[in-house]
Amino acid sequence: TEERGHPVLVPQSVGDSDGGEAHDGCTDRCTNRRTSTTREERSTDRRGDDVVELLTDTLTGLLWLQARQASEQEVQTSLAHRAADIKLRVERHLAAHEIILKSFSGFFNASSEVTRQDFRVFYESLLLESGNFHFAGINYIEPVGASGMAQHLAKARVAGVADYSIHPAGARMAYAPIVYIEPLSGNNHKAIGFDLLSNPTARLALERASDTGALAVSAKLVLK
């Protein structure tokens, strides 16, 4: 009788079967997907950090610009207030000086003659040196024509200034020498006899005062 063999199952290794190969391929693909996902997450995190940093820098810049504008506005406002304060103080000083000068004008108008001593006494009675006037000097200028030069010199010398003369020297049609000045101290005594018409800046102020009958302010004068 022929004996038939029984079928024998031979176990195969996982790697030898088609199913095993498919499993390994899935494992590799899954691993690659997880790695790719991790890289994308890291890239996303870096982009997020960059955006946050950019927004922070932008906000800082805007705040700095706003602070700078506010500081500049504050400086401008402060300068405007200071300028207005200086302007007000100057106007007050000029108004006070105008009153003093008008008082001298009234003094001369009310007197038939004002001597050097009269001028000094009136100046001292105003107590100008104890106030906040800061006058370098108050002077009396006498108009002199070319034809009246000799008489003017003789009168001034008899009045107490033996070496009185008009300077700068030179023949001119008209003169406006300083005859009286107070306080008569420091370099002020050198101003006696100085012809203000010889100084272009002073001449403009004198002519304006003569034409208008009002006080005239000149630029800074340097008497030489």
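The protein exposes about 17100 Å², and carbon and sulfur atoms supply 56% of that area; please keep in mind throughout that what we have on the screen is a predicted model. Of the 224 residues of the protein, 18% count as buried.

As for the overall layout, the protein has five helices and four strands, and, read from the N terminus, its elements follow the order α-α-β-β-α-β-β-α-α. If we take the contacts between residues at least 6 apart in sequence, 51% of them join residues that are at least 24 apart.

Let me stay with the surface for a moment, where Ile-86, Val-90 and Leu-94 form a nonpolar patch with about 250 Å² of accessible area together. Leu-94 has its place in helix H1, which covers residues 18–109, and this residue counts as partly exposed because its relative accessibility is 45%, between the 20% limit for buried and the 50% limit for exposed.

Now to helix H3, residues 149–158, in which Met-149, His-152, Leu-153 and Ala-156 are buried. These four cover an arc of only 95 degrees around the axis, which means that they sit on the same side of H3. On the other side of H3 we find Ala-150, Gln-151, Lys-155 and Val-158, which are exposed. What, then, covers the buried residues of H3? The cover includes strand S2 (144–145), strand S3 (174–175) and strand S4 (178–182). Just after H3, there is also Gly-160, which takes a positive phi of about 130 degrees.

The last topic is the aromatic side chains, of which the structure holds eight pairs. Two of these pairs share Phe-107, and I would like to go through them in turn. With Phe-108, Phe-107 forms an edge-to-face pair, at 6.0 Å centre to centre and with 75 degrees between the planes. With Phe-122, Phe-107 forms a stacked pair, at 4.4 Å centre to centre and with 5 degrees between the planes. Because Phe-107 lies in helix H1 and Phe-122 in helix H2 (residues 116–125), this stacked pair ties together parts that are 15 residues apart in sequence. Is Phe-122 itself buried or exposed? Phe-122 counts as buried, because its relative accessibility is 18%, and the limit for that class is under 20%.

Finally, these rings belong to a wider arrangement, since one aromatic cluster is formed by Phe-104, Phe-107, Phe-108, Phe-119, Phe-122, Tyr-140 and Tyr-180.

Key. Residues are numbered from 1 along each chain as its sequence is written. This is a predicted model: local features need pLDDT of at least 70, side-chain atom pairs count only at pLDDT 80 or more; totals for chains, interfaces and linings use all residues. Side-chain values use heavy atoms; hydrogens and water are left out. Patches are made of residues with over 30% relative accessible area and no salt bridge: like charges are joined within 9 Å, nonpolar side chains (Val, Leu, Ile, Met, Phe, Trp, Tyr) within 5 Å. Accessible areas come from the Shrake-Rupley method with a 1.4 Å probe; for residues, only the protein chains shown count as cover. A salt bridge is a side-chain nitrogen of Lys or Arg within 4 Å of a carboxyl oxygen of Asp or Glu. Helices (H or I, at least four residues) and strands (E, at least two) are DSSP runs, numbered from the N terminus. Buried means under 20% relative accessible area, exposed over 50%, partly exposed in between (1.4 Å probe, protein chains only). Contact means heavy atoms within 4.5 Å. The arc is that of the directions from the helix axis to the C-beta atoms. Rings of Phe, Tyr and Trp (its six-membered ring) pair if their centres lie within 6.5 Å; planes under 30 degrees apart count as stacked, over 60 as edge-to-face and the rest as tilted.
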